[in-house]
Amino acid sequence: MIKDLGIDVSITDSPDYFLADEVLRQNRSHASLDGLRQQAKEPPEDGYQLVKDLLLHQGKLVVANVDQHRRKLIQEIHAQVSSAHPGIGKTRQQLASRYYWRGLFEDVKRYVDKCHSCKQAHHRRDKTPGLYHPLSIPDHPWQHICCDFKSFPVDDLGYDTICVFVDRLSKTAVSIPCHKIITAKGMAELYHERVCCYYGLPDSIVSDKGPQFVSTLWKSLCSILGVKVKLSTADSPQTDGQSENLNQYIDQRLRLLTTTKRTGHECYWLSITPNSPCLTTQSARLPSLSLAVTTRASLSTGLPRKCRKMLEKS
């Protein structure tokens, strides 16, 4: 009837049209699956079985790695108009519901990541992340320092936080017991009494975005003194890595020297070291820990104790 209307129709066999038949044929006869077929004939192990000469794995058709059949199957599911280029998870789900081969998830991820249409149509919803910039190397001790707070259970003196100042060059640390509710004014007083009076004003202070460091008072004070405040970005503890490392060191060593005493809902830390009646609280241990940090050899700089002392006095 179509020829009577003068319309010429030519039917071209499309490789994709017979993809399912090819997958079935290769499943029955391809040599790469002979070992799995033999395994399926034995008592059921690993989920392989033969059903009407078809090799199945947990009820899913096993696809041989031949003639790009695996890639074509992923393309059929991912690039169909009706599926509208789903993401990695949804493409995996649709493909894994019918087919199986080892490395299926990795192949799907690789294909979707390289899909040109997806790259053109999909856009990031967040800002392009920037690159990390290394901190400047200090020219002399206490030129650039970092600061952080470390919380711990309340001791007998009422302290529940440690304020830590670390020199980025010599790795010398100053640990000061304080309270968790300390204000920017209180932190400035601690810094002036315990650090500034002995080592002078630094050029910059690296810290996180705690309420004390982002307060107007602290920023104004540092601006008047000519100290540059450098705040780390969120979820980037490596920016202030030296004080974070010291916090871990203090936490580990205090566990060795103290124990906890729980009274109701309050938790206190007491000394467990014998023959030291004067050091009965955790905060009283901080000067000894600061001395241990100062006198130990630094693995990052490779400087022993004497070299670090000479560096501070130079």
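Two strands count as paired when DSSP finds at least two bridges between them. Keep that cut-off in mind for the first stop. The model on your screen is predicted.

**Stop 1: the four-stranded sheet**

Select β3, residues 60-62, together with β4, residues 99-100. These two strands run parallel and are joined by 2 bridges, so they meet the cut-off of at least two. Now show L61 and look across to β4. Its bridge partner there is Y99.

Widen the selection to the whole sheet. The order is β1-β2-β3-β4. This sheet of 4 strands is open, and its pairing is mixed. Which strands are at the edges? They are β1 (48-51) and β4, each pairing on one side only.

Next, add helix α2, residues 34-41. The helix packs on this sheet and touches β1 and β2 (54-57). Compare directions: α2 makes about 85° with β1.

**Stop 2: the five-stranded sheet**

Move on to the second open sheet. Its 5 strands follow the order β8-β7-β5-β9-β10. Here, too, the pairing is mixed. Select β8 (173-178) and β10 (228-231) to mark the edges; each pairs on one side only. On average, neighbouring strands in this sheet are turned by 20° against each other, direction ignored.

Zoom in on β7, residues 161-167. How many bridges join β7 to β8? There are 6, and the two strands run antiparallel. For a single pair, show V166 and A173: A173, in β8, stands opposite V166.

Then bring in helix α7, residues 184-199. It packs on the sheet, with contacts to β5, β7 and β8. The direction of α7 makes about 150° with that of β8.

**Stop 3: the cavity**

Last, go inside. The count is 1 cavity of 30 Å³ or more. Its volume is about 30 Å³.

To find the cavity, select the lining:

- K150, S151 and F152
- I162
- N247, I250, D251 and L254

Colour β5 (144-151) and α9 (241-257), the elements that give two or more residues to this lining. Which element gives the largest share? Helix α9 does, with 4 residues.

Finally, colour the lining by class. What mix do you see? There are 4 nonpolar, 2 polar and 2 charged residues. Strand β5 is worth a second look: it belongs to the five-stranded sheet, is touched by α7, and contributes to the cavity lining.

Methods:
Residues are numbered from 1 along each chain as its sequence is written. This is a predicted model: local features need pLDDT of at least 70, side-chain atom pairs count only at pLDDT 80 or more; totals for chains, interfaces and linings use all residues. Side-chain values use heavy atoms; hydrogens and water are left out. On a 1 Å grid over the protein atoms alone, a cavity is a set of points where a 1.4 Å probe fits but cannot get out, and a pocket is an open set with protein on both sides within 12 Å along at least five of seven lines; lining residues have an atom within 4 Å of a point. Grid points are joined across faces, edges and corners, and a volume is the space filled by probe spheres set on the points. Ala, Val, Leu, Ile, Met, Phe, Trp, Tyr, Cys and Pro count as nonpolar, Asp, Glu, Lys and Arg as charged, and the others, Gly among them, as polar. Axes are lines fitted to C-alpha atoms, for helices over the stretch in contact, and angles run from 0 to 180 degrees between N-to-C directions. Contact means heavy atoms within 4.5 Å.
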